[in-house]
Amino acid sequence: MKFTRITFDPRQMDGMPCIRGLRIPVATVVGMIADGMTESEILSAYPDLERDDIHEALRYAADALRERALPLTAP
């Protein structure tokens with residue numbers, strides 16, 4: 001899967017995946033969704049974001065989790 005809105009720059013945010021070169025980490029966007037914020041609330045809080053940025057951040061997070069096996073129960 002190709003991600004056109006996710007960028008990596010070792011000089012910015014310690015190389016964390018960010019949205020379009022902005023200092024907005026993918027993890028921040030995904031966390032806001034997980035906390036129950038709506039797209040409209042996120043876009044209000046971060047005016048530089050676009051709806052497509054939010055959708056791609058979620059697709060990126062889902063793809064990142066597919067790349068490794070996660071335990072279903074605690075050891």
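This is a short walk through a predicted protein model, from its overall layout to some of its side-chain pairs.

Let us begin with the whole chain. The protein has 3 helices and 2 strands, and if you follow the sequence from its start, these elements appear in the pattern β-β-α-α-α. Of the 75 residues in the protein, 27% are buried. You can also ask how contacts span the chain: among those between residues at least 6 apart in sequence, 40% join residues at least 24 apart.

Now look at the loop between β1 (6-7) and β2 (18-19), where you will find Gln12. Is Gln12 buried or exposed? Its relative accessible area is 11%, so Gln12 counts as buried. The side chain of Gln12 reaches the backbone oxygen of Gly21, at a distance of 2.9 Å. If we set aside the neighbours within four places in sequence, Gln12 is in contact with Gly21, Leu22 and Arg23.

Next come two of the helices. Two packed helices are described by the angle between their axes and the distance between the axes. Here, the axes of helix α1 (residues 26-34) and helix α3 (residues 51-66) come within 9 Å and cross at roughly 95°. An angle from 65 to 115 degrees counts as roughly perpendicular, so α1 is roughly perpendicular to α3. Which residues of α1 and α3 meet? From α1 come Val26, Val29, Val30 and Ile33, and their partners in α3 are Ile54, Ala57, Leu58, Tyr60 and Ala61. The residues of this contact between α1 and α3 are 9 nonpolar, with no polar and no charged ones.

Helix α3 also takes part in pairings of another kind. Side chains of opposite charge can pair when their charged atoms come close. How many salt bridges does the count come to? The count is 8, and we can visit three of them in turn.

In one of these salt bridges, the side chain of Asp52 meets that of Arg5, with 3.7 Å from N to O. Asp52 sits in helix α3 and Arg5 in the segment before β1, so this pair links distant parts of the chain, 47 residues apart. Asp52 is partly exposed, at 45% relative accessibility, whereas Arg5 is buried, at 18%.

Another salt bridge joins Asp53 and Arg20, whose closest N and O atoms are 2.9 Å apart. Asp53 belongs to helix α3 and Arg20 to the loop between β2 and α1, so the pair ties together parts that lie 33 residues apart in sequence. Asp53 has a relative accessible area of 1% and is therefore buried, while Arg20, at 30% relative accessibility, counts as partly exposed.

These pairs can be seen as part of a wider picture: Arg5, Arg20, Glu50, Asp52 and Asp53 are linked in a network of salt bridges.

Our last stop is within helix α3, where Glu56 and Arg59 are found. Their side chains form a salt bridge, at 3.6 Å from N to O. Glu56 and Arg59 are 3 residues apart in the helix, so about one helical turn separates them. Which of these two is buried and which is partly exposed? Glu56 is buried, with a relative accessible area of 5%, and Arg59 is partly exposed, with 40%.

How values were computed:
Residues numbered from 1 in each chain as written. Predicted model: local features only at pLDDT ≥ 70, side-chain atom pairs only at ≥ 80, totals over all residues. Heavy atoms only, no water. Helix = DSSP H or I, 4+ residues; strand = E, 2+ residues; numbered from the N terminus. Buried < 20%, exposed > 50% of the residue type's maximum accessible area, 1.4 Å probe, protein only. Polar contact = N/O pair within 3.5 Å; in protein donor to acceptor, adjacent residues only side chain to side chain. Contact = heavy atoms within 4.5 Å. Axes fitted to C-alpha atoms, helices over the stretch in contact; angles between N-to-C directions. Parallel < 35°, antiparallel > 145°, perpendicular 65-115°, else oblique. Nonpolar A, V, L, I, M, F, W, Y, C, P; charged D, E, K, R; others polar. Salt bridge = Lys/Arg side-chain N within 4 Å of Asp/Glu carboxyl O.
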